[in-house]
Amino acid sequence: MNYISTRGTAPILPFAEAMMTGLARDGGLYVPHLVPQMTPDDIAGLEGVPYEEAAYRVMQPFVAESFSETELRDAIRRAYQGFRHAARAPLVQLGPGHFLLELFHGPTLAFKDFAMQLIGQLFQIALSREGRRITIVGATSGDTGSAAIEAFRGLPNVDVFILYPHGRVSEVQRRQMTTPDEANVHALAIDGTFDDAQARLKDLFNDHAFRDATGLAGVNSINWARVLAQVVYYFTAAVSLGAPHRAVSFTVPTGNFGDIFAGTIARQMGLPIDRLVIATNQNDILDRALTTGDYRVGRVEPSISPSMDIQVSSNFERALFYAHDGDAGAVAQLMEELKSGGFRISQGALQHLRELYDSGSVSEPETIATIARVRAATEQIVCPHTAVGIEVASRHLRPGTPMVTLATAHPAKFPDAVEQAIGLRPALPPHMGRLFDLPERVSRVENDKDALKSLILERRTA
Ligand SMILES: *Cc1c(COP(=O)(O)O)cnc(C)c1O
């Protein structure tokens, strides 16, 4: 399987190279040149198999030339052995026809672990095979950073630098990034928003000299391997609810559009997904874009669901690529226009997007009210991102089609928001109890490419 860039002028790469590169050299994102198909029989065959087996069957065709069967199976097994639920991604029922897919049983309590733990394993295999060293630089609104650090801490041949917006992540998120004491882990607090962090990251990747000198590698949600790992749980959830014999809808709390784009791929592979519903908080660029056809960047308003406080939704570029029938020139043109604040989506592309996605946005008071309402109705405590999803999903329930809302993080990661809603602070799972006792290690850095470059060059252990 070869991977091509959404902007059409970067080298075509096999899976392992696309994974280690992250962002394509033309600034675009890698997508598979063909999407492998699963037949209804293949899908029915996933019923009752362990998560790891389903993961192998769904991902294998995408990675076959880069990893052998044994390598992929071993990587999957090691990736998910630290999860604290035997089902890995269990479904629980919330109400009639409405289910929650719990994606927070991994080591850092957010769905990011599904992809990050796996790519940690795959990077290790690829690097030791080639005797290569790399410098991972990632930008995070909170959960990607902790998941990346957890996946790469202490690995030989890798330095991991994580940029997070200073003062805009929760305390648990920050401590997960600043307390690991391995020398190859570097937490950087940037003076700016997540969008600034992501823009500086793109600056580094577009600086080809720096990129080659440091062996720069990206693990942000634009990394194709991360999207792929997330495709798996759409299959396991839908099969549990009757696919391929019955269609299922999904509502996805959305920021950078990675998780919901994985659902898009599952659908293209043949999984009968009826609706994919984009749920956003007050940072609602995607909801506005689908409603009005105008993709226009606003100001990031900090919210109680900080992992979705994003205006530039990077993976949306992949959806645009498909909405333009793979016309990389058209995508490159839109991304050029985005530099000056936004673009209008063409009628044809908009129609294509609306056939795939519904959307909705949720205010802060609605988020709080949803956490309280879910607790009262089910005794379950949900995180604020999940609450955004549940509220939007409840506006899109259709009799006869099960709705699955992705529960993207554990409520204990966001205790302040939960406390506002129900007057209780959810406890961290026991294995994380020491988080508040460990010393923190972090460097402040200006929102400036050169400052960042020199810090990385100085701190690398390579
Ligand atoms: C990252 C994250 C999201 C948003 O996911 P995207 O793939 O960026 O759209 C939602 N909720 C939580 C808890 C997250 O960590």
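Here are some numbered notes on a predicted model, to read with the structure open beside you.

1. Let's begin with the ligand. The ligand is found in the largest cavity. There are 15 residues around it, and the ones that come nearest are K112, D143, G255, N256 and D259. Try finding those five in the viewer before you read on.

2. Now for the backbone atoms that face the ligand. G255 has a backbone N or O atom 2.8 Å from an oxygen atom of the ligand. For N256, a backbone N or O atom lies 2.7 Å from a ligand oxygen. G258 also offers a polar backbone atom, which is 3.2 Å from an oxygen atom of the ligand. How much of the ligand does the protein bury? On its own the ligand would expose 390 Å², and the protein buries 98% of that.

3. Next, a sheet to trace by eye. Five strands make an open sheet, and their order is 9-6-7-8-16, with parallel pairing. Which strands stand at the edges? They are strand 9 (216-217) and strand 16; each has a single partner strand, so one side of each has no neighbour in the sheet. As background, strands of a sheet pair through backbone hydrogen bonds, and the pairing can be parallel or antiparallel.

4. Stay in that sheet and look at strand 8. Six of its six residues are buried, so the rest of the structure largely encloses this strand. Its side chains go two ways: V185, A187 and A189 point one way, while H186, L188 and I190 point the other way, and all are buried. To count as buried, a residue needs a relative accessible area under 20%.

5. Strand 8 has a partner on each side, and I190 is a handy marker for both. Strand 7 and strand 8 run parallel and are joined by six bridges, with P165 having I190 as its bridge partner in strand 8. Strand 8 (residues 185-190) also pairs with strand 16 in the parallel sense, this time over three bridges. There, I190 has V445 as its bridge partner.

6. Move along to S443, which lies in strand 16 (residues 443-445). Is S443 buried or exposed? S443 counts as buried because its relative accessible area is 13%, and the cut-off for buried is under 20%. The side chain of S443 also makes a polar contact with the side chain of R459, at 2.8 Å.

7. Here is another parallel pair worth a look. Strand 11 (residues 273-280) and strand 14 run parallel, joined by five bridges. Opposite T280 you will find S361 of strand 14. Strand 14 (residues 357-361) is mostly covered, as four of its five residues are buried.

8. Now a helix. Helix 17 (residues 384-394) is mostly covered, with 10 of its 11 residues buried. Among the buried ones are P384, H385, V388, G389 and V392. When you view any α-helix, bear in mind that it has 3.6 residues a turn, so residues three or four places apart point the same way.

9. Two residues have backbone angles that may catch your eye. L109 is not a glycine, but its phi is positive, near 70°. You will find L109 in the loop between strand 5 (98-102) and helix 5 (112-130). L109 counts as buried because its relative accessibility is 2%. N157, also not a glycine, has a positive phi of about 70°. The loop that holds N157 runs between helix 6 (143-152) and strand 7 (158-165). With a relative accessible area of 28%, N157 is partly exposed.

10. What kind of peptide bond joins A243 and P244? The bond is cis, with omega at about 5°. P244 belongs to the loop between helix 10 (224-240) and strand 10 (248-253).

11. Last, a pair of residues for comparing sequence with space. S66 is in the loop between helix 3 (51-63) and helix 4 (69-80), and S66 is buried, with a relative accessible area of 11%. How far apart are S66 and N2 in sequence and in space? They are 64 residues apart along the sequence, while their C-alpha atoms are 10 Å apart in space.

Conventions
Residues are numbered from 1 along each chain as its sequence is written. This is a predicted model: local features need pLDDT of at least 70, side-chain atom pairs count only at pLDDT 80 or more; totals for chains, interfaces and linings use all residues. Side-chain values use heavy atoms; hydrogens and water are left out. Buried means under 20% relative accessible area, exposed over 50%, partly exposed in between (1.4 Å probe, protein chains only). Two strands pair if DSSP finds at least two bridges between them. A residue is near a molecule or strand if one of its heavy atoms lies within 4 Å of it. A polar contact is a pair of N or O atoms within 3.5 Å; within protein, one must be able to donate a hydrogen and the other to accept it, and residues adjacent in sequence count only if both atoms are side-chain atoms. Accessible areas come from the Shrake-Rupley method with a 1.4 Å probe; for residues, only the protein chains shown count as cover. On a 1 Å grid over the protein atoms alone, a cavity is a set of points where a 1.4 Å probe fits but cannot get out, and a pocket is an open set with protein on both sides within 12 Å along at least five of seven lines; lining residues have an atom within 4 Å of a point. A molecule sits in a cavity or pocket if more than half of its atoms lie within 2 Å of its grid points.
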